[in-house]
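Here are my notes on the model you sent over. Have the viewer open while you go through them, point by point.

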Amino acid sequence: MKIIGLTGGIASGKSTVSNYLDELGAIIIDADKVARDIVERGKPALKEIVDEFGIIVLQANGELNRKKLGEIVFSNKDALEKLNAITHPKINEQIKNEINWHKHHSKNSVIILDAALMVELNLHKLVDELWIVYVPLEIQRIRLMNRDNITIEDANKRISVQLSNEEKLKLANRIICNSGTLEDLKKQVLEHWLDLRDSRI
Ligand SMILES: CC(C)(COP(=O)(O)OP(=O)(O)OC[C@H]1O[C@@H](n2cnc3c(N)ncnc32)[C@H](O)[C@@H]1O)[C@@H](O)C(=O)NCCC(=O)NCCS
Ligand SMILES: Nc1ncnc2c1ncn2[C@@H]1O[C@H](COP(=O)(O)OP(=O)(O)OP(=O)(O)O)[C@@H](O)[C@H]1O
């Protein structure tokens, strides 16, 4: 089994890349999905979040109001640190459990661990190779605003709370540049995938 860490800033194109790698036969562990699982109704993290931020962050049906919590934490560093202190240990634990499960059940596979906060969560230490999806800031901002239908101010806030591209690039084994078309992106991903396969034979 080989574990590839796939990281990059918000809206750099990681999910687009991991969807393609999924089609090529990789197993995907998506940190955003894990982060959603651990705050489901009835899970301890949700109670801790409500204790910290109040019932304002709940919807009428008792589920987390993600939009509301996002507005709070991406505008306030202390609030984000409090949310991270609740969620990050649990995200880390679940990801490690998923990796261990695959170690026993999917021995010959390639696992893609897709996480924006790979380095912040110290998950890069678990992977065999680190791939970075790089996108220049101006394009990143426009794609984020379009995808999430948010203002330039909100896009800047979300970008500014993450490690810079430069810091991530220093750690990368492979760089996927996503400033071009989706076809350009797919072509690069296929090249890396084939190269990885050849290096495993
Ligand atoms: C604040 C929350 C509720 C907002 O939810 P929302 O549905 O709007 O966003 P979603 O979870 O899909 O995240 C979208 C992107 O935001 C960025 N992001 C999310 N959380 C964080 C964070 N704590 N710090 C920096 N960037 C973050 C990532 O690039 C992520 O891919 C949610 O992001 C959350 O619970 N974050 C804390 C857990 C976490 O760290 N998740 C990221 C794991 S890599
Ligand atoms: N080469 C491209 N050309 C045009 N649009 C693109 C390209 N690559 C990705 N996108 C679009 O940019 C947006 C961000 O991509 P994606 O959701 O894959 O990013 P992400 O890195 O997974 O984001 P997050 O950190 O929030 O999980 C999406 O709307 C996606 O369709």
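1. One definition before the helix pair: axes here are lines fitted to C-alpha atoms, for helices over the stretch in contact, and angles run from 0 to 180 degrees between N-to-C directions. Keep in mind too that this is a predicted model. With that settled, look at helix α3 (residues 44-53) and helix α5 (residues 77-105): their axes come within 10 Å and cross at roughly 175 degrees. Angles over 145 count as roughly antiparallel, and α3 and α5 are therefore roughly antiparallel to each other.

2. Which residues make up that helix contact? From α3 come Ala45, Glu48, Ile49 and Glu52, and they meet Lys82, Leu83, Ile86, Thr87 and Lys90 of α5. Sorted by class, the residues in the contact of α3 with α5 are 4 nonpolar, 1 polar and 4 charged.

3. Now the overall fold. The chain has 9 helices and 5 strands, and reading along the sequence gives β-α-β-α-α-α-α-β-β-α-α-α-β-α. The radius of gyration is 17 Å, close to the 17 Å that the globule rule gives for 201 residues, so the chain is as compact as a globular protein of that length. If you want a box for the C-alpha atoms, they fill roughly 55 × 40 × 30 Å along the principal axes.

4. Two more whole-chain figures. Of the 201 residues, 27% count as buried. As for contacts between residues at least 6 apart in sequence, 73% of them join residues at least 24 apart.

5. On to ligand 1. Its surroundings comprise 19 residues, and the closest are Ile10, Ala31, Ala35, Gly70 and Ala116. Helices α2 (31-37), α4 (66-73) and α5 each supply at least two residues of this shell. Which element gives the most? That is α5, with 5 residues. By class, the shell around ligand 1 splits into 12 nonpolar, 4 polar and 3 charged residues.

6. Ala35 deserves its own point, being one of the closest residues to ligand 1. Ala35 sits in helix α2. Is it buried or exposed? Neither: Ala35 is partly exposed, with 19 other C-beta atoms within 10 Å, and a residue needs 20 or more to be called buried. Leaving aside neighbours within four places in sequence, Ala35 is in contact with Thr87 and Ile91. Thr87 also turned up above, as one of the α5 residues in the contact with α3. For a longer-range reference, Ala35 and Arg158 are 123 residues apart in sequence and 17 Å apart in space, C-alpha to C-alpha.

7. Then ligand 2. Here 16 residues surround the ligand, and the closest are Lys14, Ser15, Thr16, Arg143 and Arg147. The elements that give two or more residues to this shell are α1 (14-24), α6 (137-148) and α9 (182-200). The largest share, 3 residues, comes from α1. The shell around ligand 2 divides into 5 nonpolar, 7 polar and 4 charged residues. To set the two shells side by side, the one around ligand 1 has 12 nonpolar residues and the one around ligand 2 has 5.

8. Val39 is worth a look as well. Val39 lies in the loop between α2 and α3, yet Val39 is buried, with 23 other C-beta atoms within 10 Å. Not counting residues up to four places away in sequence, Val39 touches Ala45, Leu46, Ile49 and Leu64. Ala45 and Ile49 are among the α3 residues that meet α5. Between Val39 and Ile49, 10 residues apart along the chain, the C-alpha separation is 8.6 Å.

9. Last, two backbone angles to check. Where is Asn122? Asn122 lies in the loop between β3 (110-114) and β4 (129-134), and its phi is near 65 degrees, a positive value in a residue other than glycine. Asn122 counts as exposed, with 11 C-beta neighbours inside 10 Å. Asn149, in the loop between α6 and α7 (152-160), also has a positive phi, about 55 degrees, although Asn149 is not a glycine. With 8 C-beta neighbours inside 10 Å, Asn149 counts as exposed too.

Terms used: Residues numbered from 1 in each chain as written. Chains lettered and ligands numbered in written order. Predicted model: local features only at pLDDT ≥ 70, side-chain atom pairs only at ≥ 80, totals over all residues. Near = placed C-beta within 6 Å. Helix = DSSP H or I, 4+ residues; strand = E, 2+ residues; numbered from the N terminus. Nonpolar A, V, L, I, M, F, W, Y, C, P; charged D, E, K, R; others polar. Rg over C-alpha atoms; globule rule 2.2 N^0.38 Å. Buried ≥ 20, exposed ≤ 12 C-beta atoms within 10 Å, placed from the backbone. Contact = placed C-beta atoms within 7 Å. Parallel < 35°, antiparallel > 145°, perpendicular 65-115°, else oblique.
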